[in-house]
Amino acid sequence: MSDIAQLESEILASLAAATDEAALEAVRVAALGRSGSISGLLRTLGSMSPDERKEQGPRINGLKDRVTEAIAARKAVLAEAALEQRLNTETLDVTLPVREPPAETGRIHPISQVTDELTAIFADMGFAVAEGPDIETDDYNFTKLNFPEGHPAREMHDTFFFNPKPDGSRLLLRTHTSPVQIRTMLSQKPPIRVIIPGRTYRCDSDQTHTPMFHQVEGLVIDKSAHLGHLKWILEEFCKAFFEVEQVKMRFRPSFFPFTEPSMEVDIQCCRDKGEIRFGEGEDWLEILGCGMVHPNVMRNCGLDPDEYQGFAWGMGIDRVAMLKYGMPDLRAFFEADVRWLAHYGFRPLDFPTLAGGLSGDTSTPAMAHTPARTHTPARTQTPAGTRTSARTQTPVSTQTGSRAMTKDRLKDTIEQALRKTIGAAVESADIAEGVDHDGEPALFVTVLYRPGTDTVDQAAALKAVRDRLLETGEKRFPYMNHHYPDDLPADDGAAA
């Protein structure tokens, strides 16, 4: 065997023994590199005679070409083997669902969604949206709304006050959106039809209360507005919002400083095994407060109550969201937990419309006795924004609170405080227990004076009663009505 044939045999054997690209590259360098064996043979051609060069040149160049082809072939074999090994070690599960694009992964917060739902409903009735500042004055937040001096909402433990100004006045974080009603009545002439959604602030925090929460209020001022209009508006709202064809409502007498008469509104529901369904059943659930705008509020805004009248209502956006979509804890609304938001949130393009369905589900039309829809639990892997008919919700009661004293002891305590401040002019005091406009437990005191009594200092009477109740541990605020004998109708028998 010639030297060229033997060299070719050795190089091809080394190529066959190469198991990876690194070993293959070492064989190539040893054969074709600058100091390689074939490169050395090519350099000898320059020292050969023409006859020798003519004989050896084709043999050496042929060897170079055959080795180059063998290296390329071996490289292709090794690359295919490496790919096969990679495919055997790396697997792709083609059964996994396709990931949502970035534009679809975001979620609309339930508060934003429900606010849009409320706006869509009332806009269809012809209402505009009014807005105002979160930082308010005591005048707009309390005084012009007919809040009495000494009301607990004016105290530090209920309201977030700013530091006093040089003149002694203090700004505050609004405790309700009602100041926007005042601003609207001061800036617009009737007729007025507005709703006022927005943030409000109070010193309170538990499962059903947060220091910052959301309210929506409505206001109608006109020359002929009456309670019949209010009742129709609230009925239509409840049917549209809870997506039922019929819902019974119950209006209970209540007390708010800025309305007279004032009412709490209960809606028909069915409580069964931890579920609440609206539009059916014989149970009732309180949902909002309302009433006719108090004449004093009208006067404070420069409107003549003999010419204009109106009504207003208010409810918690967070609360109705919890009721409709089955969210048991209000605090989760503000914890920024993306898992909670992925479950309860809404797709970015799920705009609520009355025609398309408020909750983004038009597959099931609203029918009589159909409960409000809610989310399917996350473990069923239903996309966020899908609703089902079953909704579980633990009812929230706003009329709770221990009774520090019996009703008889309350009566005696209040009468003693009144007589100590006013004197023997006090005939008696009748006590009624209930809730105020904030849904907080309250006392409603009717004071009857003896014949011949002149007008008494009502502010001093209220302060005396309030201070005495606090001393005994009774925290409910006393709302007082004063009746003088001359104000009562004469008895026919006595007149005769």
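The model contains 19 aromatic pairs, counted as rings whose centres lie within 6.5 Å of each other. The model is a predicted one. A pair of aromatic rings is described by two quantities, the distance of the centres and the angle of the planes. For F127 and W313 the centres are 5.7 Å apart and the planes stand at 80°, so this pair is edge-to-face. The two residues come from distant parts of the chain, 186 residues apart. F127 is in the loop between α6 (110-124) and β1 (128-129), while W313 is in strand β10, which covers residues 309-316. Both F127 and W313 are buried.

A second pair can be read in the same way. The ring centres of F255 and F444 are 5.9 Å apart and their planes make an angle of 70°, so this pair is edge-to-face as well. F255 belongs to strand β6 and F444 to strand β14 (residues 441-449), so the pair ties together parts that lie 189 residues apart in sequence. F255 has a relative accessibility of 24% and therefore counts as partly exposed.

Aromatic residues also gather in a group. One aromatic cluster is formed by F122, F127, F237, F241, F242, F278, F311 and W313. Its members include F127 and W313, the edge-to-face pair described above. F241, another member of the cluster, has a charged neighbour: the charged end of K324 sits over the F241 ring, 4.5 Å from the ring centre. A similar arrangement involves R170, whose charged end sits over the ring of F161 at 4.1 Å from its centre.

Now consider the chain as a whole. The chain has 15 helices and 15 strands. Of its 496 residues, 42% are buried. If one takes the contacts between residues at least 6 apart in sequence, 65% of them join residues at least 24 apart.

Two residues serve as examples of how sequence and space differ. V194 is in strand β4. Its relative accessible area is 4%, so V194 is buried. Leaving out residues up to four places away in sequence, V194 touches F127, A128, A130, T184, E217, G218 and L219. One of these, F127, is also part of the aromatic cluster. Another is E217, which is 23 residues from V194 along the chain, with 8.4 Å between the two C-alpha atoms. The other example is P352, in the loop between α12 and β11 (374-375). With a relative accessible area of 11%, P352 is buried, since the limit for that class is 20%. P352 and T119 are 233 residues apart in sequence, but their C-alpha atoms are 9.3 Å apart in space.

Next comes the backbone. Most residues other than glycine have a negative phi, and most peptide bonds are trans. Which residues does the cis bond with omega near 5° connect? That bond runs from P190 to P191. P191 is in the loop between α8 (178-187) and β4 (192-201). Another cis peptide bond joins E260 and P261, with omega about 0°. P261 is found in strand β7.

Positive phi values occur at E243 and A336, neither of which is a glycine. The phi of E243 is near 60°, and that of A336 is about 55°. E243 is in the loop between α9 (227-241) and β6, whereas A336 is in the loop between α11 (317-325) and α12 (338-344). Is each of these residues buried or exposed? E243 has a relative accessibility of 8% and so counts as buried. A336 has a relative accessible area of 74% and is therefore exposed.

The last feature is an open space. Rolling a probe the size of a water molecule over the atoms shows where empty space is left. The second largest pocket has a volume of about 610 Å³. It is lined by 24 residues, and P148, F255, L462, Y479 and M480 are the ones that lie nearest its centre. F255 is thus met again, having appeared above as the ring partner of F444. Four elements, β6 (249-256), β7 (259-272), α14 (458-471) and β15 (477-483), each supply at least two residues of the lining. Sorted by class, the lining has 11 nonpolar, seven polar and six charged residues.

How values were computed
Residues numbered from 1 in each chain as written. Predicted model: local features only at pLDDT ≥ 70, side-chain atom pairs only at ≥ 80, totals over all residues. Heavy atoms only, no water. 1 Å grid on protein atoms, 1.4 Å probe; cavity = no way out; pocket = protein on both sides within 12 Å on 5 of 7 lines; lining within 4 Å. Points joined across faces, edges and corners; volume = space filled by probe spheres on them. Nonpolar A, V, L, I, M, F, W, Y, C, P; charged D, E, K, R; others polar. Phe/Tyr/Trp six-rings, centres within 6.5 Å; stacked < 30°, edge-to-face > 60°. Buried < 20%, exposed > 50% of the residue type's maximum accessible area, 1.4 Å probe, protein only. Lys NZ or Arg CZ within 6 Å of the ring centre and 35° of its normal. Contact = heavy atoms within 4.5 Å.
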